[in-house]
Amino acid sequence: MKDKELEVINIIANMLKLPTRIREQHKYLVNGVDTAKLASLASKVVITQDYLKCDDDTEYRVRKVEQNGIYSYHFSVIKKGENGIREILTDDVISESAYRNLLLTKSDNSVSLTKTRYSFVHDQQYFKLDIFDDDMCILEVNLTKENPDISIPEFVIAVEDVTNNDEYKNINIARGRMTTYGKREDNSNRGHRLLREGNSI
């Protein structure tokens, strides 16, 4: 199913003369970004993400996504395989009321995550840069047939490859913060202060 989805995405991309994705992604911890350069080529959304009560093999995730003052709501079911690969089984757009009802079953073991996501194409590769509400930055790279070798943009300082580091999976970030905070906190404004005050973080 994932291969079929990727095939459809690539057909659309080719029609739009965009690079062709391959099923290889890499993730990096970042400690410096030229936000002026980033803003000139990236689209931006703000994501509020929560995990619901679940079993050991399946994750249930809800998201509120804001772009230019318009909100959408999403529900995903994610299966965890024995080899650590995670597969999204369901990824649906839902109503605001359904979203609020699902939040009633929020996990007691994780906090809400708020992050600003910048999506862009650079050097014929696809990138997503997530800046979390505590200033942590994670860059995801999706390689393409046109450029199968990793090419980190010059306006991003990547300091560590965390592709295979489970600590930097979103659900584990949310669980780790619960342990650190001891209770839920609203830190939604912390991570964006540097974006407002300067051109780099």
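This passage describes the nonpolar cores, selected residues and salt bridges of a predicted model.

Residues are numbered from 1 along each chain as its sequence is written. Because the model is predicted, local features need pLDDT of at least 70 and side-chain atom pairs count only at pLDDT 80 or more, whereas totals for chains, interfaces and linings use all residues, and side-chain values use heavy atoms, with hydrogens and water left out.

The largest nonpolar core, a term for a set of buried Ala, Val, Leu, Ile, Met, Phe, Trp, Tyr and Cys residues joined through side-chain atoms within 4.5 Å, has 16 residues. Buried here denotes under 20% relative accessible area, exposed over 50%, and partly exposed the range in between, with a 1.4 Å probe and protein chains only. The residues with the most contacts inside this core are Val30, Leu38, Tyr118, Phe120, Leu129, Leu139 and Val141. At least two residues of the core are supplied by each of strand E1 (21-33), strand E6 (113-122), strand E7 (125-132) and strand E8 (137-144), and the most come from E8, which gives 4 residues. Helices (H or I, at least four residues) and strands (E, at least two) are DSSP runs, numbered from the N terminus. A second, separate core consists of 11 residues, among them Tyr51, Leu113, Phe132 and Ile173.

The surroundings of one of the core residues, phenylalanine 120, can be given in more detail. When neighbours within four places in sequence are left aside, phenylalanine 120 is in contact (heavy atoms within 4.5 Å) with Leu38, Leu41, Ala42, Gln125, Tyr126, Phe127, Leu139, Pro153 and Phe155.

Glutamate 59, which lies in strand E3 (residues 58-67), is buried, with a relative accessible area of 2%. Apart from its neighbours within four places in sequence, glutamate 59 is in contact with Tyr51, Cys54, Ser76, Val77, Ile78, Lys80, Arg86 and Ile171. Tyrosine 168 is found in the loop between strand E9 (156-161) and helix H4 (170-181), and this tyrosine is likewise buried, with a relative accessible area of 12%. Although tyrosine 168 and lysine 27 are 141 residues apart in sequence, their C-alpha atoms are 8.9 Å apart in space. Lys27 is also among the contacts of tyrosine 168, which, with neighbours within four places in sequence left aside, further include Leu29, Met136, Ile138, Glu160, Val162 and Ile173.

Two aspartates have a positive phi although neither is a glycine. For aspartate 123, in the loop between E6 and E7, phi is about 50°, and the residue counts as partly exposed at 42% relative accessibility. For aspartate 135, placed in the loop between E7 and E8, phi is near 80°, and the relative accessibility of 28% again corresponds to a partly exposed residue.

The count of salt bridges, each defined by a side-chain nitrogen of Lys or Arg within 4 Å of a carboxyl oxygen of Asp or Glu, comes to 6. In one of these, the side chains of aspartate 130 and arginine 117 meet at 2.8 Å, N to O; the pair links distant parts of the chain, with aspartate 130 in strand E7 and arginine 117 in strand E6, 13 residues apart. Aspartate 130 counts as buried at 7% relative accessibility, and arginine 117 is buried as well, with a relative accessible area of 14%. Lys115, Arg117 and Asp130 are linked in a network of salt bridges.

Arginine 177 takes part in salt bridges with aspartate 133 and with aspartate 134. In the salt bridge with aspartate 133, the closest N and O atoms are 2.5 Å apart, and the pair links distant parts of the chain, with aspartate 133 in the loop between E7 and E8 and arginine 177 in helix H4, 44 residues apart. Aspartate 133 is buried, with a relative accessible area of 4%, and arginine 177 is also buried, with a relative accessible area of 7%. The side chains of arginine 177 and aspartate 134 meet at 2.9 Å, N to O; because arginine 177 lies in helix H4 and aspartate 134 in the loop between E7 and E8, the pair ties together parts that are 43 residues apart in sequence. Aspartate 134 is partly exposed, with a relative accessible area of 26%.
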